Amino acid sequence: MSVQYQAVGWNRQKKIYDSVLVAGVVSYLAIFTGAGFFIYPTATAEALLIRAFGTLALLLVHITLCIGPLCRLDRRFLPLLYNRRHLGVTTFLVAVVHGVFSIVQFHALGDVSPMVSLFISNTRYNSLANFPFQILGFFALLILFVMAATSHDFWLHNLSAPVWKRIHMMVYVAYALLVAHVLLGALQSDTNVALAVLLGLGLLAVSVLHMLAAANERRIDNLKTRAAAEGFVEVCDVAGIPENRATVISVEGERIAVFRYDGKVSAVSNVCRHQNGPLGEGRIIDGCITCPWHGYQYLPDSGASPPPFTDKVPTFRTRIVGDKVLVHPCPHAPGTRLEPALIESSWVRAIQ
Ligand code: HEM
Ligand code: FES
């Protein structure tokens, strides 16, 4: 949609999301520093703050990385995905406090500039125990900065979706740098069992969830479609698609979202124009397919966003034969209106 696009009607949800996020951040910092004074009575306030902000940033990175696969596995997690960019920006802000405090604490008292000191004070790259782990944190922070700075839709439109996506996939590089930052840093100088266990559990959760989500996607892609007449393929029974929802099928690598609404069936590409969100996991709100990620909307019969917006997705022909929904896998140009298949009124009554 246009740069000025406003997601429709979910502003209350957005406010709740941001309030929960801020409350979570403040509570974590208060509990960590409060408990830290008792657990480590000799630790300075600066050291506690560095640790509180560092561990919180790492926790937020884990949450960000887990939300994507969780939503692919279970739609109930979708509210977490909405506004995930605010989570990303918050992660950067928390991480920058940790980074700046660390640089001031460990590099500000020398006779070279703190930033120069960060890079030259330790060059023991051949030592695991004394590796210059702070430099790894610096590069992770740089990636978080680039992601936070380009998170607005302005950049998505100006950089193009593929470039934007590639930039944001760098979160995995940042994650690898952070794991190394902690393994080669805090865990070398300090036998902090809790941090080691949490890092291990986090790594396990991120890896397992990504593998499960990938297996789920492969299962959808590998479902055999049954060919029907004139190039159409069978999707499912009419009753297999809940009202105002979709079923997604994959034909020759193309995912198609087949929606049922108001006694009709229409099919569009499953890929949202905004950030490739899965349209088939959204629902029809106010007559429009509404992307579950950030609320972009498309008319189900034409795949076009309602005016004044101009975004469009490809559409596919649909048919209903007996109780079966069929779709033709050949995409029509984005925005092409196709007559929806009509569900016989006796069927509508039977499945309601
Ligand atoms: C310029 C960038 C960074 C610098 C200079 C830096 C520096 C440091 C230092 C000196 C420590 C050891 C602190 C101590 O044990 O007292 C540390 C630990 C840590 N850092 Fe960083 N860091 C940077 C970036 C990051 C980023 C981006 C993250 C996460 C998103 C992060 C997460 C952590 C964590 C989780 C620890 C372990 C905390 C603990 O000791 O309990 N750091 N960092
Ligand atoms: S609205 Fe953002 S991906 Fe669809």
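These legends walk through several close-up views of a predicted model.

**Figure 1. The whole chain at a glance.** Before zooming in, here's the overall picture. The protein chain is built with twelve helices and twelve strands. Its C-alpha trace stretches about 80 × 40 × 35 Å along the principal axes. Of the chain's 352 residues, 43% count as buried. To get a feel for the distances, pick out Ser127 and Ile343: their C-alpha atoms lie 69 Å apart in space, and 216 residues separate the two in sequence.

**Figure 2. The iron atom of ligand 1 and its two histidines.** Which residues coordinate the iron atom of ligand 1? They're His98 and His181, each reaching the metal through its NE2 atom, at 2.0 to 2.1 Å. The iron has six donor atoms, and the angles among them run from 89 to 179 degrees, which makes the site octahedral. For comparison, six octahedral donors would ideally sit at 90 or 180 degrees. The two histidines tie together distant parts of the chain: His98 belongs to helix α4 and His181 to helix α9, and they are 83 residues apart. His181 has a relative accessible area of 14%, so this residue counts as buried, the cut-off being under 20%.

**Figure 3. A closer look at helix α4.** Is the length of this helix what you'd expect from its residue count? Helix α4 has 24 residues, and at 1.5 Å a residue they should span 34 Å. The C-alpha atoms at its ends are 34 Å apart, so the expected span agrees with the model. Several residues of α4 are buried, and Leu87, Thr90, Thr91, Phe92, Val94 and Ala95 are among them. Gly99, Ser102, Ile103 and His107 are also on the buried list for α4. A handy rule when tracing any α-helix: there are 3.6 residues a turn, so residues three or four places apart point the same way.

**Figure 4. The second largest pocket.** This open space has a volume of about 960 Å³. Its lining takes in 35 residues, and the closest to the pocket's centre are Arg84, Lys165, Met169, Tyr172 and Trp293. Six helices each give two or more residues to the lining: α2 (45-73), α4 (84-107), α6 (133-149), α8 (161-169), α9 (171-184) and α11 (193-222). Which element gives the most? That's α2, with six residues. Sorted by class, the lining holds 16 nonpolar, 13 polar and six charged residues.

**Figure 5. Two cavities inside the protein.** How many cavities of 30 Å³ or more does a search of the whole structure find? It turns up two. The largest cavity holds about 40 Å³ of space. Around the largest cavity you'll find Ser266, Ala267, Pro300, Asp301, Thr315, Phe316, Arg317, Thr318, Leu338 and Glu339. Strands β5 (264-269) and β9 (315-316) each supply at least two residues of that lining. By class, the largest cavity's lining comes out as four nonpolar, three polar and three charged residues. The second largest cavity has about 30 Å³ of space. Ala161, Trp164, Lys165, His274, Gln275 and Asn276 form its lining. That set divides into two nonpolar, three polar and one charged. Lys165 may look familiar: this residue lines the second largest cavity, and Lys165 is also among the residues closest to the centre of the second largest pocket.

**Figure 6. Backbone details in the loops.** Where is the cis peptide bond? It joins Pro307 and Pro308, with omega at about 10 degrees. Pro308 belongs to the loop between β8 (297-298) and β9. Next come two residues with positive phi that aren't glycines. Asn244 has a phi of about 65 degrees, and this residue sits in the loop between β2 (233-237) and β3 (245-251). Asp286 has a phi of about 50 degrees, and its loop runs between β6 (283-285) and β7 (288-290). Are they exposed or partly exposed? Asn244 counts as partly exposed, at 26% relative accessibility, while Asp286 counts as exposed, at 70%.

**Figure 7. Ser127, a buried loop residue.** Ser127 lies in the loop between α5 (114-120) and α6. Buried or exposed, though? Ser127 is buried, because its relative accessible area is 18% and the cut-off is under 20%.

Notes: Residues numbered from 1 in each chain as written. Chains lettered and ligands numbered in written order. Predicted model: local features only at pLDDT ≥ 70, side-chain atom pairs only at ≥ 80, totals over all residues. Heavy atoms only, no water. 1 Å grid on protein atoms, 1.4 Å probe; cavity = no way out; pocket = protein on both sides within 12 Å on 5 of 7 lines; lining within 4 Å. Points joined across faces, edges and corners; volume = space filled by probe spheres on them. Helix = DSSP H or I, 4+ residues; strand = E, 2+ residues; numbered from the N terminus. Nonpolar A, V, L, I, M, F, W, Y, C, P; charged D, E, K, R; others polar. Expected span 1.5 Å × (residues − 1). Buried < 20%, exposed > 50% of the residue type's maximum accessible area, 1.4 Å probe, protein only. Donors = N, O, S within 2.8 Å, 3.2 Å for Na, K, Ca; no water. Tetrahedral: all angles 85-135°; square planar, octahedral: opposite > 155°, others 65-115°.
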